[in-house]
Every structure is written in C-alpha cells, then in structure tokens.
Amino acid sequence: MTRTRKPPRPNDHRKTLGVPTWIPVTKALVLALAVPRPLHAATYIVDDNYDGFSPATACEQTGGASYFADPLAAVAAAGGTPPGSGHNIRICPGAYALGDNTLNLDQANHTNLVFEGTSGVAADVVISAGDDNDVVDAGVAGLTIQHLSTSDGGRGVDSTNSATGLTLNNLVISNADKSGVEINGDTSTLTNISIVNANKEGIKIKASNATVNGANISSGKDGLKLENGSGLAISNIVVTAAKACVSTKGIDGQISNLTLSGCNNEGLKIDGKNATGSLIVDTATITNAGKDGVSLKNLTTTVSLSNLQIVNAGRDGVRLKDASSVQLLSSTITGSASEGIALRDSVSGSTFAGNTISFSGSRGLLIRDDGLSNNNLIFGNCFQNVLNVQDDEITPSNTYNIVTGGNYYASDPPGTGFSETCIDADMDNICDTAYTIPGLGGWVDNLPLKTCTPTTTDVRLNFTKTMQALTDPVGGIPKSIPGADIRYTVTIAHVGTLGDADALSITDDLDGNITTLSYLQWTAGSIEITAPDVGGGAPTTLTDAIDADEGEFTDTPGARTLTVDCGSLSPGETCTVTYNLVIQ
C-alpha cells in the first residue's frame, strides 16, 4: 500500500527550528535549554542539639544551609553532591563521638573544603574516635581544618595520601594512639597546633614546601619529625617531652625559634642523608636533653646553626659525625655532661665561631684523630672548661685564628686559664704569645684573645690588578708600546668565611700610571663590571658620566680618576672591573 505524507500545518515551524518532525516543538525547546547548571558550594551545620526538624535548634542559622546532628552525616551528605569546590562544614560547640568510624573528609567530594568549629575556640568542639581509627582523614586537596579538637583515636589528623594544600589552624590533638598529625602532601600550612600526649610522633611531615608556625607538642616518640622535604619553613615550636624533640632527615629550608626541654634523647637531631639543599637553624633553647643537645650526621650540604642556647645536655652539647660545611655560630653551650662540641668522626670544612662553651664535664671542644676531621676553622670562641680544647687530628690541620684574632681560653674554676694569665703589653686584646692546642696535632692558636669577645666576622679581601695589551701599531703579539690599546682588570675577592663586605668600591688614579716617557688616554665607554649586586651578576657596561649607574670617570688633568661601586660581597664572591686605555 502506498502511503502519502500529510502536508505540514500552516503554523508548524519545526522545520525552521531544525528539529525532526516527529519531536513536538515544546520538547525540542526544553532539550535546547537543558544545559548543566554551575555547581555552588554548600554549607552544612552540625549541632548535637539539632532536633532533626528546626534549624532554630542549631547554634547558628544560615540561609540555604543543611543541618545535621553529627559530623558523619554532614560529610556523607556533602559526598552526595556533584564534585565541585568550596563546601563549608561548620561544627557547633559540643562533644562528638565517632565510635569506630573516621571522618573521611575526602568523601565530601569537594576540593577547598572548610571543616571548622563555629566559635573559633578549639576546645569548644571535641571530636573523638576509637583507638584503632583515625579521627580525621584529610585526604582532599586544598582542605582547611580549624578551630576544633580531636581526642583519642589512631591519628588526630591523617593526610598520608599525599593530598596537597592542607591547612590546619588552631587545633588541639589529644591522646592520639599513633601520631597527632601526619602529612605526606606538599604545600601544607600548620599554625597554632597543640599536640597533647601523642603516643608516637607529635607532628610528622614527609613532604616539601610545608610551613609550621606555632606548635606546642608532647609525645612518646619524636615531637616534630620532618623527612625528605625541601623548602620547609618551621618556626615557633615548643616541645616539652619526647624521644627526640625535633628530628629531621633529608630536608632543607629554615627552622627558627625552638624551645625544647625534657627530650629523652636529642634536643635537635639532624640527619642530612638525601638532603639536596641547605638548612638554616636560627634561635633555639634546648635544656636537659637526655643525650645530645644537637646531633648532626651524614651532612654533605650546608647546615648553619646560630643563636642556640644549650644547657645541661646529658652527653655532648653539639655532636657531629660524617659532616662537612657546618656552621655553628653565636651560640652558648653550658653544662654538657661530656663535650661542649664533639667532632667525633669525619668532620671537615666547617666553621665554629662566636660561641661560648663553658663548664663541660670533659672538654669544651674535642676533635678526634680519624684522619678526616680537618680543615675546620675555629675562631672568636670563648672557652671556660677544665680542658678547653683537645685536637688529636694530625694532618692536615684545623685553624684556630683568623687575621683579627683567635679564641679565649679561661679555666674552670676561673683564674688560671691561658687567656686569664697571658701578657698583652700593647693592649690590643691579643696575647703576646701563641697558644699551643692540647692534643696529638700540636696545632697553634697564633692570636689567642686576652678577653672574651665572641665574634663571627671573618671578612678578608684580596685585591689584584693586571694589565693586558690588546693591540699595538706594529702588529703581531701586542706589546705595551705607544699607540697600544691596553686593558686593566681589577678584582676584589672575598676570601673570608663569614660576614658580608659591604659598600665596596674601586678607585684608580689614572694619572698615577703616567711615566716620563708616556701617558695614558682614556677609552670612552670601556668600563665593564661583573659583580653579584650589579646587573644580576652578568657582565655590565657602565657609562663614564656621573649618573645613576655604578661607574664614573673624572677627566680632570692631573687628577683623572675612575670610580666603580661593587656593592656587597659574600664569602667566595668577587667583583671584577675592566677598562681600556691607549698608551700615547
């Protein structure tokens, strides 16, 4: 049978809409408008007083918020929304027992989640869990947890799945059966954290670019444990009881303002194995460590320690083994049961300056004879011990003074030490006779100090000036003859070990180079400088004029002068200036 298509009705515009004729116009319009709506962050309010019906029974009312009586339900509800960013779960004051459950915040399905107590007081919100369960699993990127407490459980906060960007603020973690806080994700920030009686580590971080500013810790194992991380910034840490109060391995960055007491083993333990950058430790008070105040080993990158106060260490104040490029500066070490500073094995290329070491049970400084503890620089220190220094290293030597002085050697009890009894006839604070260091090495402090004047400055500069003929009128190998173009090179090198040389400049009186047979004509535009503070360290051409750059040439007959400012130089840095003239 032959079928014929009915002609369209006059008002049928489906063909002009570009939709199949078998779909009604109204449905086609609905499909065209059904695009995904943007996801919005949601607020979840948790209050154990919430009656399940009225938001008025919760501690706060927020338009559009969802309400729950326990945090597990709020996290589950957040997890039922499409993935997005920015949920806020707010916990009202109260005590919330999770039983054998864990708050898995990664189930909230949102990055940049905020999980917080509403009052801003950490003690107002207490969340607890059973001993085998972590209280909070912080495995979501960009998570913020703040203004609350956890109690019991395995870990207080667990972020061992390497989620990045974790922020912990104003937390109290009590009685964790494992670590109080454990983090493996990079770029974490911890502020105002209190760890009370953690069974294992107080805070354990195995990640890079972490910041910890403000933590008070008591724990059964290491108070603060840092491993395999670079770019760390750790400050304002108080540890009152732990195995090692602060323990590091394979890290670089900066640690400052430590207060460590009652440590069963080391106050500060630094293991440089696998470290790739330098570590700076500035300002620490370490009292009554069971073993060493500071222990350092396996160091191949620079570790600088300054402004330490180490009191009554149970073994050595500072103990070093298998270490190089260590700086111990401006520190006080007193009452160590054994050595104030002990270079036990293979310690080289290190500097000990500006320290006060007193009342040690054995020696102020011990350097063992292992054939590898050498090329160390010891100056500007004040010793007051029964035996101040024993250096048994035979070859090569350790150095006990710089050009401005050596060390101060007093006795315990005071009154009979070398510096206390030496003659200083010219009153320059340098004893008139050298001091032979006790020990097998027989090394000498050539400039022992008469009074205790700790110093950490070792600024020494070397100056060189050379001349090179570039061309001459004759040809061949250029010679310094009339008509020759010559180049002068002046170099300042900082060959000291500590302290910057500031505001350096080079001045050359060119008329001082004139002889009776010839004189020098300045070559305009020939000044070039290479210095760290100029042009980013790259060779930089300077103008001759008195202007904003670092060089100037004064063309006054009889007083032609070149002046170039080098800026500052740190140890090992140089400033090199070149300029050209023509012999007339």
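**View 1. D508 is buried and meets K465 in a salt bridge.** At 9% relative accessibility, D508 counts as buried, because the cut-off for that label is under 20%. Its partner in this close-up of a predicted model is K465, and the two side chains come together in a salt bridge of 2.8 Å from N to O. The bridge connects distant parts of the chain: K465 sits in strand β39 (residues 461–471) and D508 in strand β41 (residues 501–509), 43 residues apart. K465 itself is partly exposed, with a relative accessible area of 39%.

**View 2. Five residues share one salt-bridge network.** Here you can look for D292, R315, D316, R319 and R344, which are joined into one network by salt bridges with shared partners. For the wider picture, the count of salt bridges comes to 15.

**View 3. R155 and E182 form a buried salt bridge.** The side chains of R155 and E182 meet at 2.7 Å, N to O. This pair, too, links distant parts of the chain, with the two positions 27 residues apart in numbering: R155 belongs to the loop between β11 (144–152) and β12 (157–159), while E182 belongs to strand β14 (residues 181–183). Both of these residues, R155 and E182, are buried.

**View 4. K225 pairs with E227.** In this salt bridge, the closest N and O atoms of K225 and E227 are 3.6 Å apart. K225 is buried, with a relative accessible area of 18%. E227 counts as buried as well, at 15% relative accessibility.

**View 5. F418 and Y435 make a tilted aromatic pair.** Searching the whole structure turns up eight aromatic pairs. In the pair formed by F418 and Y435, the ring centres are 4.8 Å apart and the planes are 45 degrees from each other, a tilted arrangement. Distant parts of the chain are linked here: F418 is in helix α4 (residues 418–421) and Y435 is in strand β37 (residues 435–436), 17 residues apart. F418 counts as partly exposed at 23% relative accessibility, whereas Y435 counts as buried at 14%. Step back a little and you will find F383, Y409, F418 and Y435 in one aromatic cluster.

**View 6. Lysines gather in a positive patch on the surface.** The patch of positive charge brings together K206, K249, K273, K297 and K321. To get your bearings, start from K321, which lies in strand β26 (residues 318–324). K321 is partly exposed, with a relative accessible area of 41%.

Terms used: Residues numbered from 1 in each chain as written. Predicted model: local features only at pLDDT ≥ 70, side-chain atom pairs only at ≥ 80, totals over all residues. Heavy atoms only, no water. Patch = residues over 30% accessible without salt bridge, like charges linked within 9 Å, V, L, I, M, F, W, Y side chains within 5 Å. Areas by Shrake-Rupley, 256 points an atom, 1.4 Å probe, with all protein chains shown as cover. Salt bridge = Lys/Arg side-chain N within 4 Å of Asp/Glu carboxyl O. Lys, Arg positive; Asp, Glu negative; His and termini not counted. Charge placed at Lys NZ, Arg CZ, Asp CG, Glu CD. Helix = DSSP H or I, 4+ residues; strand = E, 2+ residues; numbered from the N terminus. Buried < 20%, exposed > 50% of the residue type's maximum accessible area, 1.4 Å probe, protein only. Phe/Tyr/Trp six-rings, centres within 6.5 Å; stacked < 30°, edge-to-face > 60°.
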